[in-house]
Amino acid sequence: MTCPEVVVHATGELLAAAAAARLITRLVDAQAAYGVASVVLTGGRTGIAVLEQVRDSPARDAVDWANVEVFWGDERFLPNGHPDRNETQARRALLDHVGISPERVHAMAPSGGRFDDDADAAAAHYAEVLAATAEHSTDIAVPHFDVLLLGVGEEGHTASLFPDTPYVQETERTVVGVHDCPKPPPTRVSLTLPAIQAADEVWLMTTGAAKAKPVAAALGGAKPVDIPAAGARGRHRTLWLLDAEAASALPTGS
């Protein structure tokens, strides 16, 4: 896995705008190389702000959106269309505006649907979705992810992997149902660290002074069981995109 790179922006607004520009460029480059680009989306304030910035960018149409594969790193296990679902927010922020092919949008199953209220079954199904297009040359059953976006919580969680839980310690499964989350809603579906680590690039994006300590801990070598974000690393690049407040506990020169 790669050593993390850190980029600090003065404000969250500048971070979102810069990350959007980076993302457009990354997708264009991936399409130039492979024909199709793949992105794993995240929710949260910063993650959705980045998608809004992509939507409003004059450069957004440089991406051939019909040839972008979209996945999610985690999802709140709520009914289809619920305003708190990451999918719902991502559709409103970007996906409904760019002519993306419906068959290329791989959402995690909602509660009350095919799997009723069984988050573990929903997770197993998403693992099957990932495995169906997995690269045969890799030892983990996930597709080729060009870039995987993540947020970081105040206790250091990323995706829906929280500290000192069995889910952050999972080594075999690529997707898990997460129960009794310390933040609402209590039930989620999440990629595991092995699935996250299979991505070419992992970008962790976060803002605010409340994130300063977990950011410093993750970049300072904390164990993933204590600070799950510390275990989120890409095969070729790991990029931390921070505002000044989130970076405020880092050593000078980081």
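Student: Hi! How many residues of β3 are buried?
Tutor: Five of the five are buried, so β3 is largely enclosed by the rest of the structure. Keep in mind that we are looking at a predicted model.

Student: Which residues sit on each side of β3?
Tutor: Val 68, Val 70 and Trp 72 are on one side, while Glu 69 and Phe 71 are on the other. Both faces of the strand are covered.

Student: In what sense do β2 and β3 pair?
Tutor: They pair in the parallel sense, over five bridges. As an example to look up, Ser 38 has Glu 69 in β3 as its bridge partner.

Student: Let's move on to empty space. How many cavities of 30 Å³ or more does a search of the whole structure find?
Tutor: The search finds one, and its volume is about 30 Å³.

Student: Which residues line the largest cavity?
Tutor: The lining is made of Leu 23, Leu 27, Val 39, Leu 41, Leu 51, Trp 65, Val 70, Leu 94 and Leu 95. Two elements, α1 (12-34) and β2, each give two or more residues to that lining. You met Val 70 a moment ago as one of the buried residues of β3.

Student: What classes of residue are in that cavity lining?
Tutor: Nine are nonpolar, with no polar and no charged residues.

Student: Now the open sites. How much space lies in the largest pocket?
Tutor: About 560 Å³. There are 28 lining residues, and those closest to the pocket centre are Gly 44, Arg 45, Val 152, Lys 183 and Lys 211.

Student: Which elements give two or more residues to its lining?
Tutor: Those are α2 (44-56), β4 (74-76) and β8. The largest share comes from α2, which supplies four residues.

Student: And what's the mix of classes in the lining of the largest pocket?
Tutor: It has 14 polar, eight charged and six nonpolar residues.

Student: What about the second largest pocket, what volume does it have?
Tutor: Its volume is about 190 Å³. The residues lining this pocket include Tyr 34, Ser 38, Glu 69, Phe 71, His 106, Glu 135, His 144 and Asp 146. Here β2 (37-41) and β3 (68-72) are the elements that give two or more residues.

Student: How does that lining split by class?
Tutor: For the second largest pocket, the count is five nonpolar, four polar and three charged. Note that Ser 38 and Glu 69, both in this lining, are also bridge partners.

Student: Changing topic: which residues of α6 are buried?
Tutor: In α6, which spans residues 212-219, the buried ones are Ala 212, Pro 214, Val 215 and Ala 218. In general, residues three or four places apart in an α-helix point the same way, because there are 3.6 residues a turn.

Student: What covers the buried residues of α6?
Tutor: The cover includes β8 (201-206) and β9 (237-243). You may recall β8 from the lining of the largest pocket.

Student: And what follows α6?
Tutor: Gly 221 follows the helix, with a positive phi near 100°.

Student: Last one, on cysteines. How many disulfides does a search of the whole structure find?
Tutor: Zero.

Student: Is Cys 3 buried or exposed?
Tutor: Cys 3 counts as exposed, because its relative accessibility is 65% and the cut-off for exposed is over 50%. Cys 181, with a relative accessible area of 10%, is buried, since buried means under 20%.

Conventions. Residues are numbered from 1 along each chain as its sequence is written. This is a predicted model: local features need pLDDT of at least 70, side-chain atom pairs count only at pLDDT 80 or more; totals for chains, interfaces and linings use all residues. Side-chain values use heavy atoms; hydrogens and water are left out. Buried means under 20% relative accessible area, exposed over 50%, partly exposed in between (1.4 Å probe, protein chains only). Contact means heavy atoms within 4.5 Å. On a 1 Å grid over the protein atoms alone, a cavity is a set of points where a 1.4 Å probe fits but cannot get out, and a pocket is an open set with protein on both sides within 12 Å along at least five of seven lines; lining residues have an atom within 4 Å of a point. Grid points are joined across faces, edges and corners, and a volume is the space filled by probe spheres set on the points. Ala, Val, Leu, Ile, Met, Phe, Trp, Tyr, Cys and Pro count as nonpolar, Asp, Glu, Lys and Arg as charged, and the others, Gly among them, as polar. A disulfide is a pair of cysteine sulfur atoms within 2.5 Å. Two strands pair if DSSP finds at least two bridges between them.
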